Amino acid sequence: MMSCKNETNSEEKMADHNSENSLLKEWTGPYEGVPAFDTMKVSDVKEAMEEGMTRGLKDIDAIANNPDPATFENTIVALESAAEDLERVYTYYGIFSSNKSSPEFRDIQTELAPKLSDYQSKISQNAKLFQRIKTVYEASQNTPLAADQQRVVDLTYKQFEMNGANLDAEKKKRYAEINKELSKLYTKFSNNVLHDEENYVTYLNKNQLGGLSSSFTKSAAKIATDKGEDDKYAITNTRSSIDPFLTYSTERDLRKIVWTNYYNRGDNADAYDNNELIADILRLRKERVGLMGYDNYAEWRLQDRMAKTPENAMKLMMAVWPAAIARVDEEVADMQAIADAEGDHLKIKPWDYRFYAEKVRQKKYDLDSDEVKQYLQLDKLTEALFYVAGRLFNYKFTPVAEGSVPVFHPDVKVWEVSDKASGKFIGLWYLDPYAREGKRSGAWATTYRSYTSYKGEKTVLASNNSNFVKPAPGESVLVSWDDATTFFHEFGHALHFFSSNVKYPTLNSGVRDYTEFQSQLLERWLSTDEVINTYLVHHDTGEPIPASLVAKIKKASKFNQGFGTTEYLASALMDMKLHMADPTHIDIDQFERETLKDLNMPEALPMRHRTPQFGHVFSGEGYATAYYGYMWADVLTADAAEAFAEAPGGFYDQQLADKLVKYLFAPRNSMDPAEAYRLFRGRDANIEALMRDRGFPLAK
Ligand SMILES: [Zn+2]
């Protein structure tokens with residue numbers, strides 16, 4: 001085996017001498033060129049990425065060293081089209097990392113990660129380049145450019161400025177030191193949480209399995225055996241393990257142990273405790289944004305988000321908070337009643353919440369998820385997506401001839417997307433539906449090529465990816481309501497890609513508290529009558545899903561919203577408050593306790609992510625002061641959905657659909673999201689629709 005592999009490698013190397021690495025090549029074939037997924041090789045990745053970076057930096061240097069005075073064309077437009085070769089390689093890199101991973105690829109990934117980060121730094125710290133961007137930006141402040149050009153200049157300048165490009169040499173040095181220090185702390189933070197997840201395992205014996213399902217105990221037995229504990233059952237210290245255990249186990253003392261282990265991750269006053277580390281992170285973040293003149297990290301972070309200021313984000317969260325904690329009181333009362341009726345003699349504690357909530361769910365909502373599944377077939381759902389896209393976006397989906405477009409796995413199917421009226425070709429939609437080894441879990445959407453028009457109109461190559469279990473030939477794939485919702489959600493991202501009408505690549509970029517809104521909104525069409533009656537049909541009988549079952553599904557969506565909203569908001573509020581506070585002498589444990597007390601946090605449940613384990617916020621910067629964004633997008637979603645519910649034509653109202661495409665989808669980031677929303681709705685979004693969605697009373 002080994003020698004075989006080596007032979008192949010040397011053959012490939014020989015070939016490389018004579019021709020360009022295949023991953024760097026221009027795309028050829030139909031539809032203005034498509035990725036050569038059928039011939040891509042993991043052994044080409046490293047060389048192609050390195051060569052792509054070299055070429056990218058050459059492009060950047062050419063812009064930075066241009067002897068002509070800086071103009072929009074020779075600086076901003078040139079920057080927009082820099083590093084196109086690397087972008088093509090990234091498409092293959094993305095497939096190898098998400099759809100077709102392997103140990104071989106992961107080694108390459110590990111080797112490339114620091115090189116990619118260096119590559120980014122070389123661009124963001126290129127002083128000559130920034131000087132030219134700044135020249136164009138400052139000129140545009142006196143003589144504004146066309147709206148979309150101005151937006152590109154503003155976004156580009158802001159991105160460099162926010163990353164310290166404007167600082168003097170001494171401050172830049174400190175800035176870089178802080179970032180280096182932070183990156184070490186982030187890694188240490190994650191490793192500490194990981195340590196506590198791996199080292200607090202609760203082992204059960206066979207007399208302690210009360211309430212647990214046989215599939216759960218089977219996998220718990222396997223994990224215990226793998227850990228060298230025969231005849232035992234392991235509850236590992238992760239959410240996927242503790243969630244079902246706390247929901248079903250009848251062993252209250254064990255529930256308490258499992259719960260305590262989980263919520264104390266990173267907070268065990270030992271070598272893996274994160275409290276001091278978090279204080280250091282907060283101090284460094286504040287110092288870094290202080291170099292640029294900002295009062296606090298939250299203010300710096302939110303300036304280019306839809307919320308714009310921490311105060312706006314706080315205002316939204318605090319508007320929902322009282323109703324959420326009031327609902328918790330009601331939920332606890334419901335649970336307490338069941339506990340009392342069953343003679344359990346206890347007061348509901350946090351480790352009892354999921355257990356009694358499940359009893360309430362069975363009693364109050366009586367929804368059989370298996371019954372729902374019989375009406376949710378993947379093929380029919382795919383047809384439903386096309387129907388919705390046809391009604392709202394005027395798109396037509398036609399399968400391409402088998403073999404005409406290269407795919408990276410035979411299960412991947414491809415459709416042509418065109419305009420129903422004009423027949424104009426818009427792009428290709430790739431669907432990779434099934435789970436397989438080497439494919440990451442969950443569902444996602446991505447693009448291989450995005451729409452832009454600054455160098456002639458480009459067509460879109462977009463894909464959706466899921467992890468449904470592949471059926472036996474001739475069988476239909478039946479999915480859960482949650483999975484069907486996710487299928488619609490990800491298709492919303494694809495429609496957002498297809499409908500783009502922006503001129504420049506930067507205008508396709510996302511705004512963290514806004515980009516999930518479009519996809520969340522599309523979920524709402526799953527439960528429209530048109531979809532229900534035609535596509536949600538029984539896989540044997542062809543009968544549409546009964547109205548009574550749909551009503552149950554809708555009612556159940558309000559279940560446990562007190563718990564869900566409160567545990568989420570407590571974390572989101574903590575994220576924001578930690579970054580607005582003065583961290584000089586902060587004691588994290590005390591800060592968390594006092595903040596929760598001030599908020600009147602209910603005693604019956606914890607934050608979803610307690611501070612010492614809040615990886616979104618402290619294992620990197622991706623979600624620092626951004627955790628509120630889920631609710632921000634949810635407010636828009638609920639409010640926009642009500643616009644459709646109230647329209648004369650309902651969810652298929654033609655006029656409103658036109659506005660949806662024109663203002664909420666097509667512009668992407670070419671206009672301010674708040675302004676775009678106002679053009680769609682005629683006003684700003686308010687939170688009332690979200691409150692109704694969650695079954696919360698409106699404040700008077
Ligand atoms: Zn999404």
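Which residue forms a salt bridge with Asp-432, and how far apart are the closest N and O atoms? The first legend below has the answer, and the others visit further spots in this predicted model.

**View A. Lys-439 and Asp-432 form a salt bridge.** Here Lys-439 is the partner of Asp-432, and the closest N and O atoms are 3.3 Å apart. Have a look at the surroundings of each side chain: Lys-439 has a relative accessible area of 9% and is buried, and Asp-432, at 1% relative accessibility, counts as buried too. Buried means under 20% relative accessible area.

**View B. Asp-639 meets Arg-683 in a salt bridge.** The closest N and O atoms of this pair lie 3.2 Å apart. Asp-639 belongs to helix H25, whereas Arg-683 sits in the loop between H27 and helix H28 (688-693), so the pair ties together parts that are 44 residues apart in sequence. The two ends have their own surroundings: Asp-639 counts as buried at 0% relative accessibility, while Arg-683, at 30%, counts as partly exposed.

**View C. Glu-51 and Arg-55 pair up within helix H2.** Their side chains meet in a salt bridge, with 2.8 Å from N to O. The two residues are four apart in the helix, which means about one helical turn separates them. In general, an α-helix has 3.6 residues a turn, so residues three or four places apart point the same way. Glu-51 is partly exposed, with a relative accessible area of 31%, and Arg-55 counts as partly exposed at 22%. The structure as a whole holds 43 salt bridges.

**View D. Three side chains coordinate the zinc ion.** His-489 and His-493 each contribute NE2, and Glu-516 contributes OE, at 2.1 Å. Along the chain, these donors follow the spacing H-x3-H-x22-E. His-489 comes from helix H18 (residues 481-498) and Glu-516 from helix H19 (residues 515-522), so this pair ties together parts that are 27 residues apart in sequence. His-489 counts as buried, at 11% relative accessibility, whereas Glu-516 counts as partly exposed, at 30%.

**View E. Helix H26 (residues 654-665) is covered by neighbours that include H18 and H19.** This helix has twelve residues and reaches 15 Å from its first C-alpha to its last, close to the 16 Å expected at 1.5 Å a residue. At its N-terminal end, Asp-653 acts as a cap, with a side-chain oxygen 3.3 Å from the backbone nitrogen of Gln-655. The buried residues of H26 include Leu-656, Leu-660, Tyr-663 and Phe-665. Helix H17 (378-393), helix H25 (629-646) and helix H27 (673-681) are also among the elements that cover the buried residues of H26. Two of these helices may already be familiar: H18 holds His-489 and H19 holds Glu-516.

**View F. Helix H5 (residues 103-124) has a kink at Leu-112.** The kink is about 35 degrees and comes shortly before the proline Pro-114. With 22 residues, H5 reaches 32 Å from its first C-alpha to its last, close to the 32 Å expected at 1.5 Å a residue. Leu-112 itself is buried, as are Phe-105, Ile-108, Leu-116, Tyr-119 and Ile-123. Among the elements covering the buried residues of H5 are helix H2 (45-64), helix H4 (84-98), helix H6 (127-142) and helix H7 (147-162). Helix H2 is also where you will find Glu-51 and Arg-55.

How values were computed. Residues numbered from 1 in each chain as written. Predicted model: local features only at pLDDT ≥ 70, side-chain atom pairs only at ≥ 80, totals over all residues. Heavy atoms only, no water. Donors = N, O, S within 2.8 Å, 3.2 Å for Na, K, Ca; no water. Buried < 20%, exposed > 50% of the residue type's maximum accessible area, 1.4 Å probe, protein only. Expected span 1.5 Å × (residues − 1). Bend = angle between axes of the 7 residues up to and from the residue. Contact = heavy atoms within 4.5 Å. Polar contact = N/O pair within 3.5 Å; in protein donor to acceptor, adjacent residues only side chain to side chain. Salt bridge = Lys/Arg side-chain N within 4 Å of Asp/Glu carboxyl O.
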